[in-house]
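Me: I should like to understand the reasoning behind the terms applied to this model. Please set each value against its criterion and then conclude.

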Amino acid sequence: MPTSPSSSAQAAREAVAWRLRELRKEAGLTVVQLAAECGWHYSKTSRIENALTGPSATDIRRWCAAVHAESQAHDLVVQSINAESMYRQWRDQVRSGLRYIQESRSRLFRETGNFRMYSSSLVPGLLQTEGYALAVLGLAAEIHHLPVDDSAEAARARLERSRIIHEQGHRFVVVVEESVLYCQIGGPDAMAAQLGYLLTVGAMPAVSLGVIPMSARRSHWPEETFHVYDDRLVSVELVSAEVNVTQPGEVAQYLETFERLRRMAVYGAEARSLIAQALNAADHADT
């Protein structure tokens, strides 16, 4: 069965917690004794060791000093920072508005040569039309209870960012489940425009657009939507957070998963036929 990608972030936290716990045990200290040495309540030690609370850099340095392992402090601080940065709460991200999120990723997009995008839910952002993007971001503003709905500005920023598809030096390999073509976002008109655009953008030389048919015999189950930027970063969107994976071994696992999903997809005339069928259904829904 598929596991939530948040497990990668949790595993990274647990690795830090496990090492700190081992250092305490090697020093022959109890939880209470370690807490006394560090100057905090023993319950904090327990929370850190059980990966319920992420330790700060100061916490780690105090811990290592208490167990006479100061030489390990720096590496543990870096490891902990990486673990915490993997899991970023959406609530924290959207605090500055949806438009800020779109614009903040422009540099990453410009610096990426090879995009690999898999979606089991929505048309990927780089291939979205304005109406579709407006509907998606409007839902995001509603779901996350934003004090200010800047979804219209965010949609325009997303389209501005999407111009990278027309720039040289980038390659886009996109795989979507066929069900994405039938997920009604923004009403029949928005869906028809979006599906029509997929027919256009899928024919561009820099874009490889594959659709996994609902009738396909699965060699891999549907996964949560993820994007791979070159071979260095994977971004996975969850309900509560965005998980960023940078560990080479985990990035390689996502690349292998993407390849299995890509091989199940159809391309060219077969993909256009599936999109056309969905477009025909959207047109009939509008009558």
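Reply: The answers below concern a predicted model.

Me: Why is His220 called buried?

Reply: The relative accessible area of His220 is 7%. Buried means under 20%, so His220 is called buried. His220 is found in the loop between β4 (207–212) and β5 (226–229).

Me: What makes the approach of His220 to Glu223 a polar contact?

Reply: The side chains of His220 and Glu223 are joined at 2.9 Å. The cut-off for such a pair of N or O atoms is within 3.5 Å, so the term polar contact applies. The side chain of His220 also makes a polar contact with the side chain of Arg260, at 3.1 Å. Leaving aside neighbours within four places in sequence, His220 is in contact with Thr257, Arg260, Leu261 and Met264.

Me: How do you know that Glu178 has no salt bridge?

Reply: For Glu178, the nearest side chain of opposite charge is that of Arg218, 8.7 Å away. A salt bridge requires a side-chain nitrogen of Lys or Arg within 4 Å of a carboxyl oxygen, so Glu178, although buried, has none.

Me: What does the side chain of Glu178 reach at 2.7 Å?

Reply: The side chain of Glu178 reaches the backbone nitrogen of Met214. Not counting residues up to four places away in sequence, Glu178 touches Val211, Ile212, Pro213, Met214 and Leu274. Glu178 itself has its place in the loop between β3 (171–177) and α11 (187–201).

Me: Why is strand β6 described as largely enclosed by the rest of the structure?

Reply: Strand β6 comprises residues 233–237, and 4 of these 5 residues are buried. The strand is therefore largely enclosed by the rest of the structure.

Me: How do you know that β5 and β6 pair?

Reply: The strands β5 and β6 are joined by 4 bridges and run antiparallel. Pairing needs at least two bridges, so these strands pair. Tyr229, for example, has Leu233 in β6 as its bridge partner. The two strands form a hairpin with 3 residues between them, and Asp230 in the turn has a positive phi of about 50°.

Me: What makes the buried residues of α3 line one face of the helix?

Reply: In α3 (residues 42–49), the residues Thr45, Ile48 and Glu49 are buried. Viewed down the helix axis, the buried residues of α3 fall within an arc of 95°, so they line one face. Just after α3, Ala51 takes a positive phi of about 60°.

Key: Residues numbered from 1 in each chain as written. Predicted model: local features only at pLDDT ≥ 70, side-chain atom pairs only at ≥ 80, totals over all residues. Heavy atoms only, no water. Buried < 20%, exposed > 50% of the residue type's maximum accessible area, 1.4 Å probe, protein only. Polar contact = N/O pair within 3.5 Å; in protein donor to acceptor, adjacent residues only side chain to side chain. Contact = heavy atoms within 4.5 Å. Lys, Arg positive; Asp, Glu negative; His and termini not counted. Arc of directions from axis to C-beta.
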